[in-house]
Amino acid sequence: VENWEKLIEINKKRLQLDPTNYQVLRNLATTNFNIGKYAAAIEYYKKYPQLGGGKGEAFANIGICYYHLEQYSYAIDNLEKAFNVIEAYGPEGYLGSSKDQIKKGLFPLIFDYLAVSYERIGGYNKAIEIYKKHIDIANPKDLSRLHSNLGFSYQELGSLNKAKTYYEKAIELDSNNWN
């Protein structure tokens, strides 16, 4: 879409006409996110659960917005809430999506942003814990990057032998990994 502002204007008018239209709310949140208006996106994401959207998705998106705003403590808080909300779902999940489908779709994203947010505030041990959880569910194409990230966190903690092991594994998984 070339004219993001026009899209926002149209969807704001649509939302005024139908304030309970979840899809319009989602359009506004996503459009603001896509153009880097993260604070505005947060306000729309906060309304998701009120209009039938999932709390897990809302907290995840809010956390990612705070990450982009470099407000890492808020990012961590919301991403951890997203994780906990999704873990609390029953097997049937939410709105026709099973818990397994939701976890498969959101957990890699949550773990990525959560671990890096912890790194940004110096929480390398917590980042390592999250990366290790993530490795078990990661898409195979992400494994080299995750091993690089583990190596970095161990390096920052001064555990150079462990860092070296993870860096070597990252290269083994993808010899083109520039990290």
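## A helical protein, with a look at α4 and its aromatic pairs

Let's start right behind helix α4: Glu70 sits just after that helix and takes a positive phi of about 60°. Keep in mind that this is a predicted model, and every value here is computed from it.

**Helix α4**

The helix that comes before Glu70 covers residues 55-68. Does its length add up, and what would we expect it to be? At 1.5 Å a residue, the 14 residues of α4 should span 20 Å, and the end C-alpha atoms are indeed 20 Å apart, so expectation and model agree.

How enclosed is α4? Of its 14 residues, 10 are buried, so the rest of the structure largely encloses this helix. The buried set is Gly56, Ala58, Ala60, Asn61, Ile62, Gly63, Ile64, Cys65, Tyr66 and Tyr67. As for what they pack against, the partners are α2 (22-34), α3 (38-46), α5 (72-88) and α6 (99-120).

**The whole chain**

Zooming out, the secondary structure comes to 9 helices and 0 strands, which along the sequence reads α-α-α-α-α-α-α-α-α. The C-alpha trace spans about 60 × 40 × 30 Å along its principal axes. Buried residues make up 43% of the 179 residues. Of the contacts with a separation of 6 or more, 45% are between residues 24 or more positions apart.

On the outside, the protein exposes about 10100 Å², and carbon and sulfur atoms supply 50% of that area. There are 22 positive and 21 negative charges, and their mean positions are 3 Å apart.

**Aromatic pairs**

How many aromatic pairs are there? The count comes to 11. Here are two of them, described by centre distance and plane angle.

| Pair | Centre to centre | Angle between planes | Type |
|---|---|---|---|
| Tyr22 and Tyr48 | 5.1 Å | 70° | edge-to-face |
| Phe107 and Phe111 | 5.5 Å | 45° | tilted |

Why is the tyrosine pair called edge-to-face? The planes of Tyr22 and Tyr48 stand at 70°, and the cut-off for that label is over 60 degrees, so the pair is edge-to-face. This pair links distant parts of the chain: Tyr22 is in helix α2, while Tyr48 is in the loop between α3 and α4, 26 residues apart. Both Tyr22 and Tyr48 are buried. Tyr45 joins in as well, with ring pairs linking Tyr22, Tyr45 and Tyr48 into a cluster.

The phenylalanine pair is a local affair by comparison of sequence positions: Phe107 and Phe111 are 4 residues apart in helix α6, so about one helical turn separates them. An α-helix has 3.6 residues a turn, so residues three or four places apart point the same way. Are these two phenylalanines buried or exposed? Phe107 has 3% relative accessibility and therefore counts as buried, and Phe111, at 5%, is buried too; the cut-off is under 20%.

**Leu143 in α8**

One last stop further along the chain. Leu143 belongs to helix α8, residues 143-156. Which residues does Leu143 touch, leaving aside those up to four places away in sequence? The answer is Ile135, Ala138 and Leu173. For a sense of distance, take Gly36: it lies 107 residues from Leu143 along the chain, and the C-alpha atoms of the two are separated by 28 Å.

Conventions. Residues numbered from 1 in each chain as written. Predicted model: local features only at pLDDT ≥ 70, side-chain atom pairs only at ≥ 80, totals over all residues. Heavy atoms only, no water. Helix = DSSP H or I, 4+ residues; strand = E, 2+ residues; numbered from the N terminus. Expected span 1.5 Å × (residues − 1). Buried < 20%, exposed > 50% of the residue type's maximum accessible area, 1.4 Å probe, protein only. Contact = heavy atoms within 4.5 Å. Areas by Shrake-Rupley, 256 points an atom, 1.4 Å probe, with all protein chains shown as cover. Lys, Arg positive; Asp, Glu negative; His and termini not counted. Charge placed at Lys NZ, Arg CZ, Asp CG, Glu CD. Phe/Tyr/Trp six-rings, centres within 6.5 Å; stacked < 30°, edge-to-face > 60°.
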